[in-house]
Amino acid sequence: MLKNINKLLVLVLLLVFGCDDFLDDTNVDSNTPDQVSVSMRLTYAENQVFEFLGDEQNDRFGSLFAQYLSNGDGRENVDTYDLEGNGGDGFYLYHGALKDLDQMYDEIEATGISHAHYIGVGKIIEATALGALTDAMGDIPYSQALQGSDQIYPEYDTQEAIYQTIQTLLSDAITELSKSESVALKGDFLLNNDPNQWIILAHLLKARYYNHLSEVDPQGSATSALNEINAAIAAGWDTSMNFEMQYEGNTDHFNNLNLMQVDAIINASFRFLDMLKTTNDPRLFAYFYPLKVNVTADPDQLSDGGKQILNYRPDLSGKDTTVLDVIGEHIGDPTTLSEYGSSVGLVYSEKDAPMPIILAAEVKFIEAEAALRAGNSARAESAFEEAVQAHLDLVIPRLKSRLNSFKSRNLADVAITSNVDAILAGIDTQIADYIANYGSASGATITLEEIMTQKYKAMFLQGIESWTDLRRHNFAYPSSYFTSPIASGDFATRLPYPISEKQRNRAEIPDDDLFLKLWWDK
């Protein structure tokens with residue numbers, strides 16, 4: 001189904017917008033003909049916004065700034081904040097998904113027929129897009145955007161105003177989706193046209209965005225976040241429910257990380273790998289691709305940035321390699337080449353690997369942090385333990401399946417098959433030990449350090465969201481972990497605006513220095 005949808009989307013964009021118009025100015029009308037159905041507009045907007053979350057924002061910037069990954073091939077140095085003049089991406093959403101949603105609302109109004117569920121889903125998609133843009137860049141156009149030739153130089157709304165808009169959109173969405181509706185929802189491939197699932201997602205997103213305001217309004221944001229989680233639970237949510245974007249894994253619809261890891265654009269960060277290894281984290285091979293390394297030749301090299309790697313991918317026939325391992329690269333190492341580091345692996349970068357939107361683990365970590373801030377240590381403890389367990393319950397079964405597939409592709413290689421067998425044989429004990437050592441807490445002693453450290457590990461590759469956590473806690477958690485990749489010792493706290501926007505709308509753009517804190521980052 002998704003394969004056909006994506007092929008149709010390409011045809012619609014070319015026929016409806018035209019190549020030149022589609023790439024034209026953010027505020028130029030696309031003159032979409034009436035034949036494009038409401039459901040097709042919803043499909044297109046949904047696809048573009050959620051693809052955006054897992055592409056440039058999370059993979060290229062967020063996960064590098066959060067130090068999960070390092071640049072692997074020398075073509076980019078984003079991990080050291082050398083953006084080479086490039087700014088944040090995503091303004092194409094204005095003349096893409098956001099424009100289509102705006103036109104969808106107009107077309108629905110013109111019919112005189114209620115399409116409440118379409119409007120509700122549209123508002124959640126709209127809020128998601130605004131959230132991704134503002135958390136990366138701060139102030140963004142909204143109130144004067146999408147007006148075509150009537151306003152070609154839109155003013156920028158403050159991030160505070162955008163956050164109020166996000167909450168309003170999500171609240172309005174819940175109201176619309178709660179209505180009895182004669183026009184059935186169609187075109188929603190994310191949640192299979194289920195209004196109640198969208199209601200739950202809206203509550204969880206509201207909790208996320210309230211929790212972002214921990215420095216702006218510590219107590220109010222905690223209370224609001226907890227109320228939204230309670231509302232989601234009342235609507236039917238539990239920790240078995242993870243919101244993810246699914247991929248078919250074919251040439252028409254696959255996880256973009258597969259392409260990025262094959263091209264060696266991003267590899268494992270040595271620092272993050274060191275954290276995983278020193279805590280004997282059972283998710284190690286879920287996060288990064290296993291490589292065969294000859295540890296008997298020079299074991300010291302394994303603790304020095306991974307310069308011992310014998311090949312980028314595990315096809316090392318004829319090499320003297322006996323042990324499966326994952327190797328990280330030091331951020332900013334100018335000598336690093338693609339063959340030195342493990343790529344994003346098994347569970348996260350296969351072509352059909354799902355892309356997380358908001359997982360049960362994140363919700364429970366939000367609950368734990370908000371409850372601790374509100375003075376409810378017992379709820380914080382319970383939510384923390386559920387969060388750690390929920391993420392392991394999601395990732396480990398997928399890891400076992402991927403490891404078995406990895407083994408089946410390398411049956412002739414005794415080193416690989418024996419190592420995989422050993423990993424699988426010991427992983428349940430490894431999980432139990434990990435939970436005992438890092439996933440249990442006492443309500444009287446649970447700390448923000450514990451919550452945010454385990455959340456950081458579980459939020460792997462949800463780069464913008466994890467980077468948001470790091471910024472609002474001033475890179476304090478995990479403690480003694482983060483070091484700046486530049487000589488000044490500063491950490492990037494925002495993305496600059498796209499060059500194309502600076503060329504078109506320079507007079508309206510606020511200061512976008514890379515180290516200027518956003519509104520919620522006090």
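Residues 334-339 have a pLDDT that stays under 50, and the model gives this stretch 18 contacts beyond four places in sequence. The structure is a predicted model, so confidence is a sensible place to start. A second stretch, residues 1-35, also stays under 50 in pLDDT, with 59 contacts beyond four places in sequence. Over the whole chain the average pLDDT is 82, and 79% of the residues score at least 70.

**The chain as a whole**

The secondary structure of the chain consists of 19 helices and eight strands. Of its 522 residues, 58% count as buried. The accessible surface is about 19700 Å², and carbon and sulfur atoms hold 49% of that area. Among contacts in the chain with a separation of 6 or more, 77% are between residues 24 or more positions apart.

**The nonpolar core and helix 11**

In soluble globular proteins, nonpolar side chains tend to be buried together. The largest nonpolar core here has 142 residues, and the members that touch the most others are Trp198, Phe272 and Phe460. Helix 15 (residues 377-408) supplies the largest share of this core, twelve residues.

Phe272 belongs to helix 11 (residues 270-278), where Phe270, Phe272, Leu273, Met275 and Leu276 are buried. An α-helix has 3.6 residues a turn, so residues three or four places apart point the same way. The buried residues of helix 11 pack against strand 5 (266-268), helix 12 (284-287) and helix 17 (448-458). Leaving out neighbours within four places in sequence, Phe272 is in contact with Gln67, Tyr68, Tyr287, Phe288, Tyr456, Lys457, Phe460 and Tyr481. Just after helix 11 comes Asn280, with a positive phi of about 50°.

**Helix 14**

Helix 14 covers residues 360-373, 14 residues in all, and spans 20 Å from its first C-alpha to its last, close to the 20 Å expected at 1.5 Å a residue. Because 13 of its 14 residues are buried, helix 14 is largely enclosed by the rest of the structure. Gly375 follows helix 14 and has a positive phi, near 90°.

**Two buried residues with polar contacts**

Glu244 sits in strand 4 (residues 243-245). Is Glu244 buried or exposed? Glu244 has a relative accessible area of 9%, under the 20% limit, and is therefore buried. The side chain of Glu244 makes a polar contact with the side chain of Arg398, at 2.8 Å. Arg398 is also one of the residues that Glu244 contacts beyond four places in sequence; the others are Leu190, Pro354, Met355, Pro356, Ile357, Leu359 and Leu394.

Tyr163 lies in helix 7. With a relative accessible area of 3%, Tyr163 is buried. Its side chain makes a polar contact of 2.6 Å with the side chain of His212. Not counting residues up to four places away in sequence, Tyr163 touches Thr134, Asp135, Tyr209, His212, Leu213, Trp519 and Trp520. Tyr163 and Trp520 are 357 residues apart in sequence, while their C-alpha atoms are 9.6 Å apart in space.

**Backbone angles in the loops**

Most residues other than glycine have a negative phi, and most peptide bonds are trans. The table gives three loop positions that depart from this pattern.

| Residue or bond | Backbone value | Loop |
|---|---|---|
| Gln67 | phi about 65° | between helix 3 (38-65) and strand 1 (69-71) |
| Asn193 | phi near 60° | between helix 7 (159-177) and helix 8 (195-211) |
| Tyr477 and Pro478, cis peptide bond | omega about -5° | Pro478 between helix 18 (463-472) and helix 19 (499-505) |

Gln67 and Asn193 can also be placed by accessibility. Gln67 counts as buried, at 3% relative accessibility, whereas Asn193 is partly exposed, with a relative accessible area of 29%. Gln67 is also among the residues in contact with Phe272, and Phe272 is itself a member of the largest nonpolar core.

Notes:
Residues are numbered from 1 along each chain as its sequence is written. This is a predicted model: local features need pLDDT of at least 70, side-chain atom pairs count only at pLDDT 80 or more; totals for chains, interfaces and linings use all residues. Side-chain values use heavy atoms; hydrogens and water are left out. Helices (H or I, at least four residues) and strands (E, at least two) are DSSP runs, numbered from the N terminus. The expected span of a helix is 1.5 Å times one less than its number of residues. Buried means under 20% relative accessible area, exposed over 50%, partly exposed in between (1.4 Å probe, protein chains only). A polar contact is a pair of N or O atoms within 3.5 Å; within protein, one must be able to donate a hydrogen and the other to accept it, and residues adjacent in sequence count only if both atoms are side-chain atoms. Contact means heavy atoms within 4.5 Å. Accessible areas come from the Shrake-Rupley method with a 1.4 Å probe; for residues, only the protein chains shown count as cover. A nonpolar core is a set of buried Ala, Val, Leu, Ile, Met, Phe, Trp, Tyr and Cys residues joined through side-chain atoms within 4.5 Å. pLDDT is the predictor's confidence in each residue, from 0 to 100.
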